[in-house]
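The following note sets out points for consideration on the structure shown below. The points are numbered for ease of reference.

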Amino acid sequence: MNATAVEKRQIAWVVDLNKCIGCQTCSVACKVLWTREDSEKAQWWCSVNTLPGEGTPRGWEDMGGGYDKDGKLSPGKQPTPGDFGGGFDFNHEEVFYGGSGGKVHLEPQAPRKDRWAMNWDEDQGAGEWPNSYYFYMPRLCNHCTKPACVESCPSKAMYKRDDGLVLRDESVCKGSKKCMAACPYKKIYFNEERNVAQHCIGCFPRIEKGVAPACVRQCPGRAVFIGWLDEVGSPVNRLVNDYKVALPLHPEYGTRPNVFYIPPFSPHPLKDDMSIDTETPRIPPEYLESLFGSEVHQALDTMKNEMEKVRGGGSSDLMKTLIAYKWLEMLGPFTTDPAELTSDA
Amino acid sequence: MDAVPKTDPIYTGWEDLYRKKWQWDDVFWGSHCVDCYPGSCPMRVYVKDGIVWREEQAGSFKTIEEGVPDFNPMGCQKGASWSQSLYGPDRLMYPLKRVGERGEGKWNRVTWDEALEDIADSCLDAIQKYGPHTIVREGTPEYSTVHATMKFMGVLGGGDIDLGGSINDFSIGLYETFGKFSPVSSADDWFHSELVLIWHMNPVFTRIPFYHFIAEARYNGAEVVNISPDVNPSHTHADYQVPINGATDPAFGLAIVQVILDEGIADYEFIREQTDLGFLVRSDTKRYLRETDVTGSGREDQLYQWDPDKGLMLADRGDMRLKGLKIALEGEFDVKLADGSTVKVRPVCAALKEHLDANYTPEKQQPITSVHPDTIRMLARKVATKRTNIMLGYNACKFYHGDLIERAMCLVLAVSGNWGKQGTGIRCWASGMHEGHFIAQEKPAPGAQAAAAVIAARDAEFQAFKDKDPTATTEIAIRDSIRLDEKRVLTPIPALWWYNHCGYGERWRTKEWGDESLPRGFQDYMDEAMEKGWWRSPPLDPPQVLIECGGNMLRRTRGGKKALLDTLWPQLQKIVTIDFRVSQTALYADYVLPAAQHYEKIGFSIPTPHVMNLNLSDKSAEPAGESKNEWDIYLGLLMKIVERGKARGMTEYELSGSESSGSEVALGGASFDTILTGNTRSLDELIPLYTMGGYYQSEDGGVDEEKLIDEGVRDSVLCGTLPYGTTLDSIRESGPVRFIDFGVTGMGSAQASPVEPDKTHVPFRNHTESGHPFPTYARRAQFYIDHDWFLEANEHMPTHKPNPKAGGDYPLGMTSGHNRWSIHAMNQANEVILGTHRGEPNVMVNPDDAKARGVKDDDLVRVFNDVGDFKVRVKIAPNVQPGQVITYNGWAGFQYTGWSGANEAEPGMVKWIGFAADYGHLNYFPLEWQPVPVSRWTRCDFEKVEAA
């Protein structure tokens, strides 16, 4: 790590939750690219959950980690394989060729009790019909500016690269799992077979070739921007620093995440007489504040004002940025088409 | 701006491990050539060591219209893990022969030779016993399989069942209104909308590649309204969520129309020009005033309008433009008839307004729909002033009164002037455009000259229709020609096939499952239709050989195994499934033949106006195991039929009149007259017919797909739908190519709009900009249908009727819709996809309904009604409306206990009105006008079987 501070930069993601549709293409793109080994079956470096919900790992928001207000590592729970769930084996062979004649059907081969999976509580949400509410949130490693995982690693296996990506030298990792407890976002998995922890590598081999990460480049919802956080005038920089509409998730953990979220709007709820209540938001503001901190209100106000401006016939640079007329603009400097690379990538 | 930091990256040994993972040998164009309508995602397939490693969206779209977002990076999670199905546990690698009972799941691996010989023998038995029409297939839009299957059936003379009713993606109400059901904007046109009504659609699940255009339209100033009983996933990015009681949408839509007309905020010029609302209806008979009434001669379908200055006017059947006429929409007038009597007439609009004012004010609709009157008024005012687009899926059409739902939707757009311009309209489905693909298989000889001759003959036929009726546009002539072609062939419609062979009549006759307000029972109507010759009666011979290739009858047919296994199955001497994966139908077949998957053969994804590209899926790897391209499989089967037929001493056989499918004609098939002569088929002509005299046969005895596909591309250039110079190789070089014309297929020409290279596509521009008449009886968008049956049913105008209690009198209503996780049942066994949800089917229910039955989340329940039952896990969600049970469509039967899925409890009712005919556009039209089975809002209940 001998690059000077001046040369260090930070790659940042901005996820527009008003465009995310929970399709899991990011999750699947990542999985098919990086975690196809049997030992990685339960790993989803990128995952999308329905909020409110317990998510993955189950109840992760109550597991602690990160830093306390004095900047000291805060104790955290190390999620168990059961908390993550998933990674099920299936009985294809028996169903298709086993001669059961319908007595055996295709299903996960796992105990039913306390069963959980990456997206177990999909589309469940909260509230009561007709005012129930939910939205989708993709999560991956936040490649934090102050990564608790790095600080917690007893083997010094973890490091932050000059491009800001947080990696773990898997040849040094001793499998202490301390990083899993320290990460307040609980996006670190454990490979029992290889006795190493694993997490999102920010698609660094792609980044190095100028290709956007799979979760970004493959997002059909066009919900994710990527770029250098300090690149003045770039969408990522403007959304985070100028418009201040993109916020880190759970900033109170003190790790300074570099995945930012544009908080979600929701349709107006209904009154008892089924007329539309245009005064109240459907998603309780206090819930959004619990996710993104008190800045969320200003961010939503800015978004709302700019949307209203356009609806009134005006023009808004913020809305134009979010529309992203040209897809490549979302990819920052990482616009190379991987299919155009030579095969010795 | 550099992508990579100025410092050298720190190369450590371990980082190289991941760098080495991201390597490949070769890249090909790929796509998923299934009925992932509208699919057509351009992908890149990365190959390592001759094996498909992974795929990634190409991201290759250029901006089409400046100021409109591009299509990139079109795709979804299924497409991004298609490679994981390629070599996955449900992939078929070897021909399998059933050894136990059907459905027992006992198989022997056999050789291709053994399998094809046995199947060929069964085909010959069928031909000798009843005729080749008893070798049958059901229509399917699985694009990579249909051409080969249709060709095989066409050559053999098999019974090719219409696709429309088989899959029931037929928007019957759109058809009743417009005379066609396939108006489809390009997805980027959604961006131009100012008001998006998501109504009987769930694009967050079903339009993953395009959803962004809705979100971006919102950022561009549009408002989004989600109308749905449940707070469904598409509410997430809506401005308004309108909860509505299930199946009550006609009342809701008609109330919006009532407000627009009542407040005088309608687009009256649009109404006068585009619709029949200015046409005159007799007050005595409720029938249109006809030329035959007034003059005693002339055309029965020549109708009238009233101009306040000029009085009675013959409506122009050839041109909808008003040309200065002031068509009356109100008032009552006296008209003298040919018999000397005088009748009172009034415009349809006046009758409609009376109907709406009496029944569908915002206050009167509320007890039906639960939607607040203020919401109706707010929406009506928005619709009347904004470019409005109704996002309709194939959900409304699966309700018993789905046509009434859709007619109300069309009326909302009609009174607000919302079609034929960017950002407006209502969506459905359409294919077509790649006409050369059909011509290349049907022309008598290879090369451009033969194709040109076919095209010239086709054009001459259209011209003949125009000469006969000078008011006919090319679109109308094309439709007349397709109807004529249809009369030359023997396409069984699915409803009659199920009625004749699968015992559905019993279900359809159950009075309380149908429309009880009718004066007559179902059988009465059907008998009348058949007696009057409205539908050709197909031969009743029992079907002998069923070939399911790409389709999956046991999963998708409403009624499922319960309806088919005891009725159809015993008649069938041989059931053959050709597929690349194990399907529900394959599990009950006699033979399962392994097909090449999309990355293992050359093909195209389904071309649609949504995307407007011809999208190549190239051969990236050799077919796995012993799997084969469908073209090769059918060629092998034909060879066996010839060989075994000759061994029986057969030289020729009689055709049953079934020369090709109407579906094919409508999708773009050329006339078959050129290649078919006489009523017999000699065994010696089977192979030459299939291979164009050997031209498409490769040296190894298979089909030369390279040649076949390239010929099709070149022929589409000749048809004028692809740009000059396009070839298979040019597409390989430059990627997907945008069509330059919709061509002359039924669905393509029905777009009735020019293709512009730098504009989004919106259908119906020929109607709004050039006055081309709609292909309906009235030659306008037709809201008044004075067919006997419609009058008898009181459905001559859009109206609301309660949903019948199909399935029995149970407290809950079962709704459905395509799921997020699979393309029909495809991908259901893909372990990557299984990892993105609970890994098994569920029904979603409201917490109160669960609690009342003592059911907790993930418990196993039995969902039941008088039709049948199925067992499934429960997912409790407060977004479900109390009284609603959501069972998303697409789970494979073999994912349920006893291999019995939700379709076991679906009665598969058809609305009797689908059998109506002899009325302009209400006559059989391949893929379109015909009775279709419904399933939504089937009554049911559930009970706990086992706790989680």
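Is the crossing of H3(B) and H24(B) left-handed or right-handed?

1. The crossing of these two helices, H3(B) and H24(B), is right-handed. The model under review is predicted, and the geometry in this note should be read accordingly. Helix H3 of chain B covers residues 112-129 and helix H24 of chain B covers residues 630-647; their axes lie 8 Å apart and make an angle of about 60 degrees. With that angle, H3(B) is oblique to H24(B). On the H3(B) side, the contact includes B:Trp112, B:Leu116, B:Ile119, B:Ala120, B:Cys123 and B:Leu124, together with the charged-group residues B:Asp113, B:Glu117 and B:Asp121. From H24(B), the contributors are B:Ile633, B:Gly636, B:Leu637, B:Lys640, B:Ile641, B:Glu643, B:Arg644 and B:Gly645. Sorted by class, the residues of this contact comprise nine nonpolar, two polar and six charged.

2. A second helix pair in chain B may be set beside this one. Helix H17 (residues 448-468) and helix H27 (residues 705-719) of chain B pack at about 45 degrees, and 10 Å separates their axes. This angle makes H17(B) oblique to H27(B), and the crossing is right-handed. The residues that meet are B:Ala448, B:Ala451, B:Ile455 and B:Arg458 from H17(B) and B:Asp715, B:Leu718 and B:Cys719 from H27(B). Five of the residues in this contact are nonpolar and two are charged, with no polar residue.

3. Chain B contains an open sheet of seven strands with mixed pairing, in the order E5-E4-E20-E19-E18-E6-E7. Strands E5 (107-109) and E7 (159-161) of chain B are at the edges; each has a single partner strand, so one side of each has no neighbour in the sheet. From one strand to the next, the twist averages 20 degrees. At the E5 edge, E5(B) runs antiparallel to strand E4 (residues 96-98) of chain B, and three bridges join the two. Within this pairing, B:Lys97 has B:Asn108 of E5(B) as its bridge partner.

4. Which strands does helix H4 of chain B lie across? Helix H4 (residues 143-156) of chain B lies across strand E6 (135-138), E7 and strand E18 (545-549) of that chain. Relative to E6(B), the helix runs at about 155 degrees. E18, E6 and E7 are consecutive in the strand order of the seven-stranded sheet.

5. An open sheet of three strands is also present in chain B, in the order E1-E2-E3 and with antiparallel pairing. Its edge strands are E1 (26-30) and E3 of chain B, each of which pairs on one side only. Neighbouring strands here are turned against each other by 30 degrees on average, with direction ignored. Strand E2 (residues 43-48) of chain B is joined to E3(B) by six bridges, and the two run antiparallel. B:Val45 stands opposite B:Glu55 of E3(B).

6. Some backbone features merit inspection. In chain A, the peptide bond between A:Thr56 and A:Pro57 is cis, with omega about -10 degrees. A:Pro57 is situated in the loop between strand E2 (47-51) and helix H2 (81-84) of chain A. In chain B, a cis peptide bond joins B:Asn72 and B:Pro73, with omega about -10 degrees; B:Pro73 belongs to the loop between strand E3 (51-57) and helix H2 (83-86) of chain B. B:Ala247 is not a glycine, yet its phi is positive, at about 65 degrees. This alanine, B:Ala247, is in the loop between strand E10 (240-242) and helix H9 (249-262) of chain B.

7. Confidence should be considered for each chain. The model has an ipTM of 0.97 and a pTM of 0.96. Chain A has a mean pLDDT of 96, and 97% of its residues reach 70 or more. Across residues 1-6 of chain A, however, pLDDT is below 50, and this stretch makes eight contacts in the model beyond near neighbours in sequence. For chain B the mean pLDDT is 94, with 96% of residues at 70 or more. Residues 1-9 of chain B have pLDDT below 50, with 19 contacts beyond near neighbours in sequence. The pLDDT is also below 50 over residues 668-677 of chain B, a stretch with 22 such contacts. Where pLDDT is low, the predicted coordinates should not be read in detail.

Notes
Residues are numbered from 1 along each chain as its sequence is written. Chains are lettered from A and ligands numbered from 1 in the order in which they are written. This is a predicted model: local features need pLDDT of at least 70, side-chain atom pairs count only at pLDDT 80 or more; totals for chains, interfaces and linings use all residues. Side-chain values use heavy atoms; hydrogens and water are left out. Axes are lines fitted to C-alpha atoms, for helices over the stretch in contact, and angles run from 0 to 180 degrees between N-to-C directions. Helices (H or I, at least four residues) and strands (E, at least two) are DSSP runs, numbered from the N terminus. Angles under 35 degrees count as roughly parallel, over 145 as roughly antiparallel, 65 to 115 as roughly perpendicular and the rest as oblique. A crossing is left-handed if the near helix is turned anticlockwise from the far one by less than a right angle, and right-handed if clockwise. Contact means heavy atoms within 4.5 Å. Two strands pair if DSSP finds at least two bridges between them. pLDDT is the predictor's confidence in each residue, from 0 to 100.
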